[in-house]
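Colleague: I am new to this structure and would like to learn how its features are read. Could we go through them together, one after another?

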Amino acid sequence: MNKMKSDKLLLSIIRKTNKKAVLGKYKTVTRCRACDSSDLHKIFSLGLVPRPNGFLKKYMLSLKEEYFPLSISFCGKCGMVQLDQLVEPETMFGDYVYLTSASKPMVEHLESFADTVYKRFKLTPRSLVVDIGSNDGTFLRHFKKLGTKILGVDPAKNIARVANKNGIPTIADFFSTNLSKSIIAKHKKADVITAVNVVAHVPNWNDLFEGVNRLLDDNGVFIAEFPYLLDFVKKAEFDTIYHEHLSYISIRPLEVALNEQGLEIIDAERYSIHGGSLRVYVQKMNGRRKKTATVKRLLSAEIKFGTNKKKSYVAFSGSIIKIKKDTNRFLNKISKNKGSIIGYGASAKGNIFLNYVQITKEKLPLIVDSTKYKHGLFTPGVHIPVVPEEKILDLKPDYVLVLAWNFADTILEKNRKLIKSGIKFVVAIPKLRIYK
Ligand code: DWN
């Protein structure tokens with residue numbers, strides 16, 4: 001069946017629960033983002049879903065809502081895993097609701113990240129740190145406290161305004177080679193360029209890395225951190241597949257793309273944040289820093305895993321189907337026993353999970369969340385209302401479904417008294433678990 005026909009069929013199914021669903025505009029990706037090969041192989045399709053951060057104001061519930069097909073493929077040549085669809089970044093990042101500062105574990109992670117970089121690269125008050133995808137300036141605020149010069153770049157105009165108001169100079173734009181030229185003209189070359197949970201969001205890696213190479217001082221270092229493909233596959237983190245995440249990154253394809261632009265990876269570190277992330281340290285080709293053994297070790301682990309082999313993704317696909325079945329069975333049991341359940345963490349991943357598993361507001365009547373921008377809004381597709389986190393104290397549900405599973409430890413710790421009082425917290429990924 002051709003793409004148009006399958007989209008129309010999927011849309012007719014979605015319209016059974018969301019009559020306002022329409023097919024949004026998207027492009028189909030036919031070449032590898034890293035090596036430009038056309039040897040792409042489908043891994044899994046999640047059907048039609050709305051924008052992951054497409055939260056709705058009340059009046060928008062009666063308007064048309066765009067859905068897009070969502071599937072990922074791997075490159076048979078370099079092992080790159082990427083989305084098969086491209087939704088215009090402007091429509092996703094123009095007016096954004098995700099705030100880095102809304103999650104304490106992320107704030108703490110970035111504070112220690114800044115300390116590590118400051119000490120390891122012996123930064124001084126003359127050093128310039130440029131953060132690509134700087135959001136509300138949570139990361140740069142630490143460098144400012146440490147005394148370096150700072151500059152943020154973020155396309156979300158609403159959030160860049162908040163950052164500038166809070167004393168974090170931020171350019172409200174997408175980073176690009178052109179923008180790097182104007183930054184050099186106004187400021188200086190950067191001693192450190194950071195990109196935290198950004199590289200996976202960027203459609204044109206050549207332009208991104210050419211801009212990094214131009215902006216970076218000859219002795220500078222580019223540090224990118226992103227969810228790591230091996231963690232993503234091994235822990236079936238399928239709800240992080242969404243239209244903001246164009247790539248699911250591993251060292252091999254990333255190195256291909258960086259080398260193309262005169263850059264090389266010299267070190268890499270794994271972190272548990274966001275379900276398992278990789279931090280890579282990059283310098284200009286043939287720079288003065290030596291490559292560590294970690295890079296080689298990770299590369300051989302990826303080749304052993306077989307990132308460019310179909311068989312490597314069979315278990316991953318099976319886990320997704322099992323998680324959907326187990327979650328629906330669990331929710332049906334609760335509604336049969338007249339139990340009550342709410343969601344915790346109105347995250348982009350949570351929205352993908354709710355739409356793919358088809359959890360409607362009848363099954364999950366509301367979600368608590370710490371992000372002020374999301375309060376009073378409704379989640380995309382299934383239209384579940386988002387209320388302040390503190391509301392959980394009045395609600396006292398029988399169960400709480402933790403949608404932000406990547407922060408489960410923090411959320412469980414924060415609510416240990418409620419758990420002690422008998423409220424059961426549930427995490428569905430990598431498999432359904434009840435904490436009591
Ligand atoms: O790459 C991205 C990641 C880094 O952040 C972006 N594309 C979009 C976003 O994805 P997400 O929305 O899935 O991110 P989080 O940070 O996993 O979302 C966690 C949600 O949970 C936030 O809305 C905040 C909320 N939360 C809460 O209510 N109480 C989080 C914690 C830790 C809490 O205690």
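Colleague: Where should I begin, and how many residues of domain 2 are in contact with domain 3?

Modeller: Please keep in mind throughout that this is a predicted model. A contact is counted when heavy atoms lie within 4.5 Å, and on that basis 18 residues of domain 2 touch 14 residues of domain 3. The centres of these two domains, taken over C-alpha atoms, are separated by 30 Å.

Colleague: Which stretches of the chain make up the domains?

Modeller: The protein is divided into domain 1, covering 3-86, domain 2, covering 100-312, and domain 3, covering 338-435. Across the protein there are 15 helices and 20 strands.

Colleague: How do I read the overall dimensions, and what does the radius of gyration agree with?

Modeller: The idea is to compare the value with the one expected for a compact globule with the same number of residues. For 436 residues that expectation is near 22 Å, and the protein has 22 Å, so the two agree. Along the principal axes, the C-alpha trace spans about 65 × 50 × 40 Å.

Colleague: And how many of the residues count as buried, as a percentage?

Modeller: A residue counts as buried when its relative accessible area is under 20%, and 58% of the 436 residues meet that description. The accessible surface comes to about 19200 Å², with 55% of this area belonging to carbon and sulfur atoms. As for contacts between residues at least 6 apart in sequence, 69% of them join residues that are at least 24 apart.

Colleague: What can be said about the charged side chains?

Modeller: There are 72 positive and 41 negative side chains, and the centres of the two sets lie 5 Å apart.

Colleague: Turning to the backbone, which residues other than glycine have a positive phi?

Modeller: A236 is one of them, with phi near 50°, and Q358 is another, with phi near 60°. A236 is in the loop between α8 (229-234) and β12 (247-248), while Q358 is in the loop between α12 (348-357) and β16 (367-369).

Colleague: Why does A236 count as buried, and why is Q358 called partly exposed?

Modeller: A236 counts as buried because its relative accessibility is 3%, whereas Q358 counts as partly exposed because its value is 47%.

Colleague: Finally, where is a cis peptide bond found?

Modeller: A cis peptide bond joins I429 and P430, with omega about 10°, and P430 itself is found in the loop between β19 (424-427) and β20 (433-435).

Methods:
Residues numbered from 1 in each chain as written. Predicted model: local features only at pLDDT ≥ 70, side-chain atom pairs only at ≥ 80, totals over all residues. Heavy atoms only, no water. Helix = DSSP H or I, 4+ residues; strand = E, 2+ residues; numbered from the N terminus. Rg over C-alpha atoms; globule rule 2.2 N^0.38 Å. Buried < 20%, exposed > 50% of the residue type's maximum accessible area, 1.4 Å probe, protein only. Areas by Shrake-Rupley, 256 points an atom, 1.4 Å probe, with all protein chains shown as cover. Lys, Arg positive; Asp, Glu negative; His and termini not counted. Charge placed at Lys NZ, Arg CZ, Asp CG, Glu CD. Domains from an automatic or database assignment.
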